[in-house]
Structures are given as structure tokens and as C-alpha cells.
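Colleague: Please put the model up, and then we can talk through it step by step.

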Amino acid sequence: MITTKEIKLEEIEKEAKYYYENGYRFVTETCLEEEGKFKIIYTFEKDYQMDSFHVFVSPQEEVPSISKIYFAALPVENEIHEMFGIKFKNLVLDFQGLLFLGEYAPISPQASIEIMRRDKGDKNE
Amino acid sequence: MIRMSEKSTIPFGPQHPVLPEPIHLKLVVEDEKVVEAYPAFGFVHRGLELLVKKKDFNQMVYVVDHICGICSAMHGQSYCQAVEELIGVEVPERAKYLRVIWAEIHRIHSHLLWFGLLADAFGFENLFMLSWRIREKIMDILEATAGNRVIISVNIVGGVRRDIDNEQAKWVLNELKEVEESLKELDKIVRNNYTIKQRTVGVGVLSKDEAYKLGAVGPTLRGSGVPIDMRTTGYAAYKDLDFEPIVEKDGDTYARTIVRVKEMFQSIDLVRQAISKLPEGELNVKVKPNLPAGEVISRVEQPRGEVFYYIKSTGGKYLDRLRVRTPTFANLASLLHMLPGSSLADVPVLVLTIDPCISCTER
């Protein structure tokens, strides 16, 4: 069983920097839905010990990217953006929703909370 | 007239002779030098994580087994370990050892497949054929012991579904002896062949610090001198087996190749150890039809590195969320770091150096 500490959205970068400066390896970010919000769990590891924190994100809120601190977060955050529609601020490289999904793919297919619609068509296909 | 070098964009993939699976790279080059690389995936995206809403936790074992053919057994194992921890069930000792045996045979199968593809990438066709010829024997072992050559589906929640009896175990050991002899021949070629060294030494160098900070896993990480191997955490029966993570220091494609070659010998040794210690007992235990609420993370060392499974349940037959972070996904950052500055001719070798599994990455 895992336990993760909850932090505020504006504390993400500070917290990630703490892990980086203390020699933690980035493992991944996991996004899921809980009670009408998105929950993103950030997981790090040092000497095989995992440590995690999580944030709750409301629809339309932008999440600070940690890809400037951990470059390895880049594909993960782009994937979360595509699959759940969550926007990340200051991504090192923003694939504009086209890393995994094609131009005509369903929009944010893993999210039941709809927060993103493409300009073209304005509806899920 | 001398022309200044100009930037041009070259598409690499999704269909390319060296790619076993589709991946697209937009390569910005100046003459023969890659200056920028932008990846695009999604050609085989299946949305398998979403199936937790339609398949119950037992049926999901078959789904995760099919995430990838090359490391199928470890996907099933990692998922089952997560569910078993959530339920709080203790898997029989025999099942733990059998999981190790099949996982290590799968590792050899995967590394030999990769080795053949690497040889093919730099035009060494004979070596490709030699590697895949050895692999056939491994596939025969999988078929004889598990009933299938690729997706063996031996794991179930609570243990394993098949057994290896004494006679079969002896046969496996004999077969592995022959595989070991063939691997020694392959090892000799890797260490002495001019072509292999020309195409791999000094190509795609990742320092120890870079590999760690980029979140690399598996041979990509260990080839840069970082001794991280999830098997040392002691899941399944690894806690009872004697082994150390295999590490090389140079951080280039050659170092990663040597790590994988050594790991094949290590896997043979681990299978021998596991068979010699294989305890008597049940293959699996019955589990209750409903899950308790909770969140679990399970990590297993696949051939490409650490696979990460996150599961969440609020009770009932179905999981609320399954998240799979595959090793290739973790190694993407390292690939994107290695490509700029490389020669265009080295791109196929660099793509293969992380042993990419696109089916895994896209799920």
C-alpha cells in the first residue's frame, strides 16, 4: 500500500527541486480522477525507496511542469495532457497533444471530466 | 563556391528497415549531424489501461500480458504482484520460483531479439541470424514449459497456472547448457569484432550522472555505471538467489551491449539456481472475488528495465485505475538527450540502444 502527501499546486516546483537536489531519481507521474478533480501523483526514488506527493487539479487549472527540473517528466506530462486534457505550464517541449494521439484521435480519451476540446470540430469523435 | 551548411528535416520512421515497431522521429540535421530530434508515437496505441473499467481484476492479467510480447511474463507478474499486495495474499513459494524461471527465460529471449535487431541495424546480417538462431531454442523452452512461444500467460493472481516437473526441469537445464555454449560464441564476437566496435564504441554516451538524472532504467542505466536493478529488492524468489546487478562504466552503446550479453549468462545462472532450489508445494492460492480499497505500486525488472504498475481500487471486481510506466517510456528522455549531436548514420543504432518497445510504451 502506498501513502502520498498532498501539496498545493504552487508548491510542485519547489517540492520537485527538493527531490532533485537530494539525489532522487524521477520515476513517473500518475494521473487519475477523484471526486470531480484530477489527482496527479509524483513518484521519485532513491536507494530503491520510493517517495511520492500528490496534487489535486480542478478542471481548467494549469499545472506547473517539472520538465525543467526533471527532463524525464517531459513525455509523461505530454501524455497526461493528451489523455486527460490537463494543461502544463512551461513544458520544455509541448507536443500540442500530438505525441501519442493523432490529429483525428478522440480528445482526452482517459478523462470523464471534460476540460479540453480541440478547436476543430469542437467535439469528441 | 562553398555552401554554408543548411538545416533540413528528415523523417525517420514510422516505417523503417531497422524498426521492429513504428516510431516516428523528425530529425533536424545540418549536413550529416542531427541537431534536433522530435518523436511522435501512437501508431499502435490501444488504450489498454482503460480496460480496467470493462475487465475484472482477474481478466486484466490477460490484458497486461498482451501489452507486449517480448516481456509479457513480467507484465503479468508485476500486475499480479500489485493485486496480491492489495488483497494481502501470500503466493506459494513454488510459484515465486516458477515466476523467476519464466521471467529469466523471457529476459534471454528479449536480449537475443534485441541483439539480432542491433546487428541488423548496422548491417551485420550473419550476427542477426546467429542471435535469432540461439533465440529459437529459448522459444522452444517457453513453448514446452508454458504452452506458448511468446505470450506465455503463466501468471494469475495468487500464483501461476502451470508447473515445471522434475523431468522437464532437467530438460530445460540441458537446453540452457547448449544456449550457454552458443552465447559464449556470441560473446566472443561482441568482444573482438571490428564492425561491432566501430559502430557502437563511443556512440550515444550517457554519463553516470546523466543517466541517473534522466531517469534511465535497465541496461541503459547500468551501462552508465549505475547499479540499479529492481530484482535486488527481492520480489518473487530473487531474495533467495545469489546475483549482483551487472554494470559497465563507459555509458556508450557498446557498454549497454555488454550489459545485455552478460545478463543473458546471469539469467541462465538464475534459472539454474531457481531450479536447484525449487520447493515443493502448491502453484497458486484462491483469491476472493472482490478487491479491498487501496492503492499499490509494484515494480519489476523487465529486460529493458524497471516497469512500474500503479493500481487503485475502491472495492469490487474492477480496478479504478491502472497505470503502467514501461521502461521504454522511462528511457525516452535518454534517447532524446543522445540524438542531438549524433551522426545521421548512427540514429538507427541510437534508437536501438535503449531497446525500444513501442507496444509497451503506447499500451
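Colleague: How do the residues lining the largest pocket divide by class?

Modeller: They divide into seven nonpolar, four polar and six charged residues. Here Ala, Val, Leu, Ile, Met, Phe, Trp, Tyr, Cys and Pro count as nonpolar, Asp, Glu, Lys and Arg as charged, and the others, Gly among them, as polar. Please keep in mind that this is a predicted model, where local features need pLDDT of at least 70 and side-chain atom pairs count only at pLDDT 80 or more, while totals for chains, interfaces and linings use all residues. Residues are numbered from 1 along each chain as its sequence is written, chains are lettered from A and ligands numbered from 1 in the order in which they are written, and side-chain values use heavy atoms, with hydrogens and water left out.

Colleague: What volume does the largest pocket have, and what counts as a pocket?

Modeller: Its volume is about 490 Å³, taken as the space filled by probe spheres set on grid points that are joined across faces, edges and corners. On a 1 Å grid over the protein atoms alone, a pocket is an open set of points with protein on both sides within 12 Å along at least five of seven lines, a cavity is a set where a 1.4 Å probe fits but cannot get out, and lining residues have an atom within 4 Å of a point.

Colleague: Which of the lining residues are closest to the centre of that pocket?

Modeller: Of the 17 that line the largest pocket, those are B:Gln81, B:Glu85, B:Tyr235, B:Ala236 and B:Ser298. Helix H2 (72-87), helix H3 (93-121) and strand S6 (291-302) of chain B each supply at least two lining residues; helices (H or I, at least four residues) and strands (E, at least two) are DSSP runs numbered from the N terminus.

Colleague: Changing topic, how many cavities of 30 Å³ or more are there?

Modeller: The count is three. The largest cavity holds about 60 Å³ of space, and both chains line it, with A:Glu29, A:Met83, B:Glu49 and B:Arg363 among the residues. H2(A) gives the most to this lining, with four residues, and by class the lining has four nonpolar, two polar and six charged residues.

Colleague: And what about the second largest cavity, how does its lining divide?

Modeller: That lining has six nonpolar residues, one polar and one charged, and the cavity itself holds about 50 Å³. Its lining includes A:Phe26, A:Val27, B:Phe329 and B:Ala330.

Colleague: Now the two chains: how many residues are in contact?

Modeller: With contact meaning heavy atoms within 4.5 Å, 36 residues of chain A touch 43 residues of chain B. The buried area (the accessible area, with a 1.4 Å probe, that two parts lose on being put together, summed over both) is about 3,300 Å², and carbon and sulfur atoms give 60% of that. A:Met1, A:Arg25 and A:Tyr48 supply 23% of the area that chain A buries against chain B, more than any other three residues.

Colleague: How many salt bridges cross that interface?

Modeller: The rule (a side-chain nitrogen of Lys or Arg within 4 Å of a carboxyl oxygen of Asp or Glu) finds five between chain A and chain B. In one of them, A:Arg25 pairs with B:Glu306, and their closest N and O atoms are 3.1 Å apart.
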